[in-house]
Amino acid sequence: MSTEALSVSPQALWEKCLQALRENVGTSTVTLLFQAVQPLSIRDNVFTIRVPSQFFYEYIEEHFSRLIVQTLRRHLGQKARLEYEVLTTLDAPTNLPSQAGPSPTILPGLRARQPFPTNLNPKYTFENFIPGACNKLARSAGMTVAERPGQTSFNPLFIYGEVGQGKTHLAHAIGNYARLLHPDKTILYLDADRFTQQYVDAVRSKQISTFLSRFENLDIFIIDDIQFLIGREATQDIFFHVFKGLHEAGRQLVITADASPQDMRGLAERITSRFSWGLAAQLLPPDYETRFNILEYKVRQEGLDIPEPILHYLAEYIQSHVRDLEGVLIQIMAEASINRREINLALAEEIVQRFQPHRSKAITIEQIIHAVSDYFRIHPEELRGKSRRKEIAYARHVAVYLSRKHTQHALKAIGERFGGRDHSTILHSIEWVESYLHTNRELSKHVQELERILFRGA
Ligand code: ADP
Ligand code: MG
């Protein structure tokens with residue numbers, strides 16, 4: 001155990017933790033989030049901090065505790081632990097005998113906070129919403145409105161994009177972040193379908209004013225999938241009423257949809273025109289880099305063991321939705337754990353095919369090896385093997401060239417599939433074919449015929 005543990009104060013140790021957090025998660029998050037946290041004590045190897053609510057505790061525990069504990073270990077030794085003292089609403093004076101005055105130990109603001117179901121899913125946060133060119137504007141505008149709800153020109157913040165692009169995730173992340181920064185604000189997340197359902201129920205039970213009173217005092221109203229109001233005239237009317245009231249009172253509105261305000265046919269014009277008053281930000285299909293980062297993040301989160309070349313391959317081929325990226329990972333894990341298959345490129349290729357049945361056929365290295373060995377009447381193992389016999393080396397050059405041209409694999413990955421050859425050997429094969437392709441008629445005929453065989457029926 002380090003001797004420093006005896007001398008360091010909770011304050012000083014906390015400052016070191018904050019320093020590490022700043023370096024890893026950025027200054028603004030740390031300032032905003034951790035100003036509400038108080039270092040309490042160090043006893044033996046246990047460091048205790050006080051957090052203002054259960055939600056804070058869960059959030060810090062989920063996203064930052066690993067980093068904090070790393071720092072603690074450096075100063076308190078390997079057995080260092082982090083503990084929280086949570087000021088829950090149970091500590092609030094309402095639990096005391098009714099005459100008792102307010103408890104002085106409760107942080108200001110907490111008492112005023114009324115329990116109100118926000119419908120927010122704590123699982124979706126900004127920390128696990130991977131940034132990228134495809135979501136840059138929507139993400140940063142979302143953070144801004146969470147930080148300063150109703151105080152920016154991003155009102156409403158209108159987020160649109162196709163299915164599976166992260167609208168719901170971002171909507172919850174905005175709510176969760178705002179809740180963290182402004183525990184006293186009233187936030188509600190509803191998808192338009194549930195809004196409709198609740199309205200219909202209210203009409204049926206003649207409770208419309210109760211229904212409306214739910215929205216009157218909201219500081220932040222997040223409504224997901226507004227396109228569900230299309231074709232529902234009465235619900236649109238009431239939504240317009242709610243929207244207008246909140247907007248005029250300077251409250252923050254966040255709306256998601258599957259199309260831009262201009263393209264929202266079937267919604268009343270007076271509604272869609274108001275959507276354009278704030279900021280409309282589009283979520284685009286994720287670019288390659290974001291796809292790779294999302295995969296890498298999910299793999300790390302789940303503690304999975306998937307080699308990097310496979311992640312590159314998946315990021316290259318699954319171009320549709322983030323949801324498909326998750327689906328592919330799940331299937332790979334299922335094959336590996338249930339069917340005991342090795343996680344390799346052949347498995348990845350097979351699963352990618354399952355996800356893209358309608359896409360023009362993606363050719364695999366395996367198919368190329370088989371087509372080439374069939375064509376030259378040699379054994380696939382000879383292609384992968386060490387033989388330098390002239391006709392085998394020739395076939396191997398062609399197979400490598402076709403693999404490079406028609407798959408998205410990197411040289412290194414191709415080398416692995418051809419008996420573990422290194423990338424310069426692979427490069428040599430490709431260059432050899434390229435240099436003779438236009439002068440050697442026989443070679444160009446072989447390549448063309450093989451391509452015809454490979455793409456037949458594609
Ligand atoms: P939408 O509401 O647009 O149909 P979702 O928000 O439900 O899409 O997103 C689909 C899935 O993809 C969710 O599991 C979500 O967490 C994940 N996802 C989307 N975008 C990202 C991102 N940038 N980083 C991490 N996960 C994402
Ligand atoms: Mg959604």
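Two residues are in contact here when heavy atoms of each lie within 4.5 Å. Keep that in mind throughout the tour of this predicted model.

**Stop 1: I226.** Select I226 and display its surroundings. Leaving aside residues up to four places away in sequence, I226 touches F158, A192, F239, I255, T256, A257, M264, L267 and F275.

**Stop 2: the core.** Now widen the selection to the largest nonpolar core, which has 31 residues. I226 is among those with the most contacts inside this core, together with F195, F215, F221, F239 and F275. Colour the elements that give two or more residues to the core, including β5 (187-191), α8 (192-204) and α10 (233-248). Of these, α10 supplies the largest share, six residues.

**Stop 3: E85 and R50.** Leave the core and turn to charged pairs; the whole structure holds 18 salt bridges. One of them joins E85 to R50, with the closest N and O atoms 3.1 Å apart. E85 sits in strand β3 (residues 81-86) and R50 in strand β2 (residues 46-51), so this pair ties together parts that are 35 residues apart in sequence. E85 is partly exposed at 32% relative accessibility, and R50 is partly exposed at 22%.

**Stop 4: E349 and R417.** Select E349 in helix α15 (residues 345-355) and R417 in helix α19 (residues 411-417), 68 residues apart. Their side chains form a salt bridge of 3.6 Å, N to O. Are these two residues buried or exposed? Both E349 and R417 are buried. Add E366, E381 and R384 to the selection: salt bridges with shared partners join these residues with E349 and R417 into one network.

How values were computed: Residues numbered from 1 in each chain as written. Chains lettered and ligands numbered in written order. Predicted model: local features only at pLDDT ≥ 70, side-chain atom pairs only at ≥ 80, totals over all residues. Heavy atoms only, no water. Core = buried A, V, L, I, M, F, W, Y, C linked by side-chain atoms within 4.5 Å. Buried < 20%, exposed > 50% of the residue type's maximum accessible area, 1.4 Å probe, protein only. Helix = DSSP H or I, 4+ residues; strand = E, 2+ residues; numbered from the N terminus. Salt bridge = Lys/Arg side-chain N within 4 Å of Asp/Glu carboxyl O.
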